[in-house]
Amino acid sequence: MDIVPQLIANSIIAGSIYTILALGFNLSFSTGKFIDMGYGVMMVIGGYAVFYLSKILGLPLPVGILLGLVISGLVSYLAYTVVYKPLRARKASGAVLLIASLGVLTALQAVIAILFTSQFQTLSGLLSGNRVFEIFGGAITAVQLTTLALGIFLFVILAVILKYTMCGKAVTAISDDEEVSKIVGINTEKIIGSVFFISGVIGGLGGMLIGFDTGIEPIMGLPWLLSAVTAVIIGGIGNVYGSIAGGFLLAFAENFGIWQIPGEWKSAITFGILILFLLFRPRGLFPK
Amino acid sequence: MEYFIHLAILVGIYAILALSLNLAVGYTGILSVTHAAFFGIGAYATAILMTRYSVNFFFAIIVGAVVTGVISLLIGRVLSKFRGDYVALGAVGFNMIVWSIFLNWQELTRGPLGIPGIHRPELSIGNMEYSFTSNISFLLLTSVFLLLVYLVCRHITESSFGRALKAIREDEEALAVFGYRTLYYKLAVFVVGAMLASVAGALFASYITFIDPSTFMVSESIFILSSIILGGLASNKGAIIGAVVLILLPEFLRFVGFPSDIAAQTRQAVYGLMLILLMLYRPQGLVGEYKL
């Protein structure tokens, strides 16, 4: 059996999840200017919201998904207003914000584990039949195709919003220089707040897709977050196009890496790449 | 009584971890989130040497410290190239890699099965042989190590070397202008901290008599970091206070009558909340001298 088509298919699927997660992280990182570890838990919240609303309460899936997106967005917005905003207001260092966001990650992840146990849960039962397609000799499920489509869709939407709308331009301005943006009359606090809401929604979406594809567990936030961060750093911070390049490059490197060495080493490959990039190309392949 | 001795031993081990991490984070300003990796390397080195090659504990602890020292030198050299907050990110990456090695290098570490049957330390001087099998004697041994580590840390932080470290934390460039090789200072303190953490690892492995990779995950590094942030950065006493509070606090949860799985998660939630509140209202911790 030829393994290369399947590896390519797997890389494309993983790449689209990484792209989605990286897009959300990139947004909050380029405007908030700190490494927000709390982003990892938004994925968990998105996944568990669908699990609770649709699987336990039995709401229709589209309702569960929509509510789940709103919930993860709101939690992210709350984390910003309650924790990060006051810290930023008193010009706390990046280290303080990073530790506070680690606190957000640890606390919320534990709350989820208390509510839903730390068991691994799947969402795939909610779908009426996950069809498997065969494309050039590689098997791809309907969920995975949806993920790919959503990844591309999100990327296009974000690129258009950032480039052509006033709100998007304000976001770009803040990521270039927050002080000057404030001086020219942009309500930076409001914009950053909505950026955190949107990044929470994107993170939540990523978590749901992971849940439909494989499954969710409370501790999944940190490893996925680090993959997203790696993709962002490969692509270049603050660069939307970088997120897609970084996401897919990382996915191909991981999947073709485990072609030659055992699969358990996948996460070691990811962090190896992260460290190599931080060392030799900290601004990424496509610096802004 | 046994229960209190058990807690006291754990407090001692975590106080060593907190003291040693404080050297890098509190005194020098290197935001290292990889201490559990060094804790783990020390534990694994001791466990492997003792179970497979029946090496004496007190020799294994030295070998473990040397191995950890070499590895931490490599990691520290790489981390020293990162700018600002990327140090923390890279450190998390290293912790993940080391953990993944514990989990996957099965020939050496037995992977997820862990290493059982690690002996308690034995000491033989001349014809006298003594084994630290009772918990009270192990507590004594831990206290001796804790005292030694405390003295080492106090010596480092109160010497001129320690003053140079604090100066690096405040303004590295200025110190470099004065002709200090700041890189060597940072590497030295990072390696010493890691070696002391490996001592805690050896004690842990020999006390619990069983280790597996799940003890040495990133969450453990975050836990050790929380203890020094709570106690207070750049304060040796603060590090010990932090370890005492963080080990004893969850035990109260157990008395309240939470089931053990929920108690473990509640503990995590409390740590997380504590980090947020400390950052918001008291970034210097209880008795700390340095605000991040």
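## Exercises on chain B and its contact with chain A

Chain B contains 12 helices and 2 strands, in a model that is predicted.

**Exercise 1.** Determine where the strands of chain B fall in the order of its elements, and how compact chain B is.

*Solution.* Begin with the order along the sequence, which in chain B reads α-α-α-α-α-β-β-α-α-α-α-α-α-α. Next, take the radius of gyration of chain B, which is 19 Å, and set it beside the 19 Å that the globule rule gives for 292 residues; the two are close, so chain B is as compact as a globular protein of that length. For the extent along the principal axes, the C-alpha atoms of chain B fill a box of roughly 55 × 45 × 35 Å.

**Exercise 2.** Describe the burial of chain B and the sequence separation of its contacts.

*Solution.* First, count a residue as buried if 20 or more other C-beta atoms lie within 10 Å of its own; on that basis, 51% of the 292 residues of chain B are buried. Then consider the contacts in chain B between residues at least 6 apart in sequence, of which 77% join residues at least 24 apart.

**Exercise 3.** Work out which helices of chain A supply at least two residues each to the side that touches chain B, and what kinds of residue make up that side.

*Solution.* The contact takes 35 residues from chain A and 35 residues from chain B. On the side of chain A, at least two residues each come from helix H3 (61-89), helix H4 (94-116), helix H9 (221-235) and helix H11 (266-280), and the largest share, 15 residues, belongs to H4(A). Finally, sorting the residues of this side of chain A by kind gives 28 nonpolar, 6 polar and 1 charged.

Definitions and conventions:
Residues numbered from 1 in each chain as written. Chains lettered and ligands numbered in written order. Predicted model: local features only at pLDDT ≥ 70, side-chain atom pairs only at ≥ 80, totals over all residues. Helix = DSSP H or I, 4+ residues; strand = E, 2+ residues; numbered from the N terminus. Rg over C-alpha atoms; globule rule 2.2 N^0.38 Å. Buried ≥ 20, exposed ≤ 12 C-beta atoms within 10 Å, placed from the backbone. Contact = placed C-beta atoms within 7 Å. Nonpolar A, V, L, I, M, F, W, Y, C, P; charged D, E, K, R; others polar.
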